[in-house]
Amino acid sequence: MPNSKSFTVQHVFTIISCLTAVYTSYRLYKDSRTKSNTVNPPTTKNGIEELIGNTPLVKIKSLSRETECEIFAKLELCNPAGSAKDRVALNIILTAESKGLLTRNDPNKQGWVFEGTSGSTGISIAMICNALGYKAHISLPDDTSLEKLALLESLGAVVNLVKPASIVDPNQYVNAARKACDELNASGKGQGVFADQFENEANWKIHFNTTGPEIWQQTDGNIDAFIAGCGTGGTITGVSKYLKTKSNPYVVLADPQGSGFYNRINYGVMYDHVEKEGTRRRHQVDTIVEGIGLNRITQNFKQGEELIDESIRVTDKQAIGMAKYLSVNDGLFIGSSTAINAVAAVKLASRLPKGSRIVIIACDSGSRHLSKFWKEAKIVDNKISIDEILNSQ
C-alpha cells in the first residue's frame with residue numbers, strides 16, 4: 001500500500017502540472033489572437049477605387065435602447081469619397097468603359113464624365129475620375145452647401161453652378177450637365193459621357209450586387225426592416241431587390257418634407273401640398289435636406305417601387321434634432337439624409353415587436369453639411385429627447 005503522504009504530494013504535483021498546462025494553453029491562445037489581429041491588416045489595394053464598398057454595419061446603441069429594437073446603420077460614409085455615391089459613380093464609369101464610351105489614358109481624346117447632382121455624386125465622380133485618368137464636369141444648384149463645393153473644387157472638377165429649377169427647365173442642373181456633354185462630343189475635342197444617375201440603371205444594379213449582399217451577410221440574414229431615403233432611387237431599389245430575394249424585410253422609404261414620394265408610396269399620387277403654386281421656397285424640394293427627396297419618377301425608382309412597403313415622412317426639425325441627438329449620444333456625426341432615416345427608424349420601431357432588427361443607410365458625414373444643416377443642428381439642446389424630436393414639426 002503506498003504511503004498516504006507520498007500519494008498526496010503526487011496529486012498536488014499533478015494538479016499543478018495540469019493548471020500550468022491550462023494556463024500556458026490559454027496564454028498561447030491569447031497571444032495567437034493578438035498576433036492575428038496585428039499581422040493581418042487589409043490587403044494592399046491597386047488604387048483608391050478598390051476601397052469602395054464593404055462598409056461597416058454599426059449598432060446605434062441609443063436608439064436601440066430607446067426603442068427596444070436593434071437599429072443598425074450601414075456606414076456608407078466610410079467609402080473613400082465619403083458617401084454611398086462612390087459605388088454608383090464607379091459602376092457608371094465601369095459600365096461606360098465596357099460599352100466603349102470611355103477609354104482610359106486615350107492619347108487622342110481626353111475622357112470626361114458629366115453629371116448633374118446636389119453634390120455627393122459629383123464628389124464621388126471627381127475622385128474616381130482622378131483615380132482612373134478622366135476629368136469631371138459637375139453641374140449643381142448654386143445653393144448647394146459650401147463644403148461640397150469646396151470638395152469639388154479641391155478635386156479639380158469643373159464646377160457649373162445653376163439656379164435651382166424644375167426638371168422641365170432646360171437650365172436645371174441635370175439638363176445643364178447633359179447639354180455640356182453633348183457640346184463636348186459635338187466639338188470632337190474629347191470623349192464625354194453623361195452619367196445620368198437618375199435614369200442610369202447601373203445605379204440600382206451596383207446596390208443589388210454589393211450593398212444588399214453586404215447587409216445580408218453582416219446581419220447573418222436576420223433583418224426585419226430596411227430604411228433608406230430616395231433621391232435617384234438607386235439605393236432603395238437595389239438593396240430591396242436583393243433582400244427580398246432572400247427573405248421579406250419590411251422596406252420603408254424615409255422622405256423629407258416637400259418631397260412627393262411619401263404620397264406616391266402610400267396613396268399612389270406623386271404630389272405634395274407644398275407644390276401648390278406660390279407656396280414653395282425652392283424649386284426642387286422644399287427642405288433643408290440635401291441628397292434625397294424628389295417630385296418626379298426616375299427609372300431607378302421605378303424598378304423598385306413595388307418592393308417598397310411604406311413611406312414615412314420626416315420634417316426638417318425632426319431631422320435636425322435627430323442629428324444632434326446621435327452626435328451627443330452615440331458620437332455619430334451624420335448628414336441630413338442619414339438623420340431622416342434615423343427618425344423613420346424610431347417611428348417604425350414603435351410599431352414593431354421588441355427585438356426587431358432594423359437597418360438604415362448612413363449616407364454621408366455631417367462634415368458636408370456644416371454651413372446649412374448643421375448650422376441649425378449645432379444650436380439644438382444637447383439634452384434633447386427622442387419624444388421632443390418626434391413631437392417637433
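Helix H7 crosses helix H8 in a right-handed sense. The model is predicted. The protein chain holds 14 helices and ten strands. Of its 393 residues, 52% are buried. This briefing covers two helix pairs, the chain as a whole and three loop residues.

**Helices H7 and H8**

- Two packed helices are described by the angle between their axes and the distance between the axes.
- H7 spans residues 202-218, and H8 spans residues 234-246.
- Their axes lie 7 Å apart, at an angle of about 50°.
- That angle falls outside the ranges for roughly parallel, antiparallel or perpendicular, so H7 and H8 are oblique to each other.
- On the H7 side, the contact is made by Asn203, Trp204, His207, Phe208, Thr211, Gly212, Pro213, Ile215 and Trp216.
- On the H8 side, the partners are Gly234, Thr235, Thr237, Gly238, Val239, Lys241, Tyr242, Leu243 and Lys246.
- By class, the residues of this contact are eight nonpolar, eight polar and two charged.

**Helices H4 and H5**

- H4 covers residues 120-132, and H5 covers residues 146-154.
- The axes of H4 and H5 come within 9 Å and cross at roughly 15°.
- Angles under 35 degrees count as roughly parallel, so H4 and H5 are roughly parallel to each other.
- The crossing of H4 with H5 is left-handed.
- H4 contributes Ser120, Gly122, Ile123 and Ala126 to the contact.
- H5 contributes Lys148, Leu151 and Leu152.
- The contact of H4 with H5 has four nonpolar, two polar and one charged residues.

**The chain as a whole**

- The protein chain exposes about 18,600 Å².
- Carbon and sulfur atoms supply 52% of that exposed area.
- Take the contacts between residues at least 6 apart in sequence: 73% of them join residues at least 24 apart.

**Glu199, in the loop before H7**

- Glu199 sits in the loop between strand E6 (191-194) and H7.
- Its relative accessible area is 31%. Partly exposed residues fall between 20% and 50%, so Glu199 is partly exposed.
- Beyond its neighbours within four places in sequence, Glu199 is in contact with Thr298, Gln299 and Asn300.
- Glu199 and Gly233 are 34 residues apart along the chain. Their C-alpha atoms are separated by 9.2 Å.

**Two loop residues with positive phi**

- Most residues other than glycine have a negative phi.
- Glu68 is not a glycine, yet its phi is positive, at about 60°.
- Glu68 lies in the loop that runs between helix H2 (61-67) and strand E2 (70-75).
- Glu68 has a relative accessible area of 45%, so it is partly exposed.
- Asp220 is also a residue other than glycine with a positive phi, near 55°.
- The loop that holds Asp220 lies between H7 and strand E7 (225-228).
- Asp220 has a relative accessible area of 72%. Exposed means over 50%, so Asp220 is exposed.

How values were computed
Residues numbered from 1 in each chain as written. Predicted model: local features only at pLDDT ≥ 70, side-chain atom pairs only at ≥ 80, totals over all residues. Heavy atoms only, no water. Helix = DSSP H or I, 4+ residues; strand = E, 2+ residues; numbered from the N terminus. Buried < 20%, exposed > 50% of the residue type's maximum accessible area, 1.4 Å probe, protein only. Contact = heavy atoms within 4.5 Å. Areas by Shrake-Rupley, 256 points an atom, 1.4 Å probe, with all protein chains shown as cover. Axes fitted to C-alpha atoms, helices over the stretch in contact; angles between N-to-C directions. Parallel < 35°, antiparallel > 145°, perpendicular 65-115°, else oblique. Left-handed = near helix turned anticlockwise from the far one by under 90°. Nonpolar A, V, L, I, M, F, W, Y, C, P; charged D, E, K, R; others polar.
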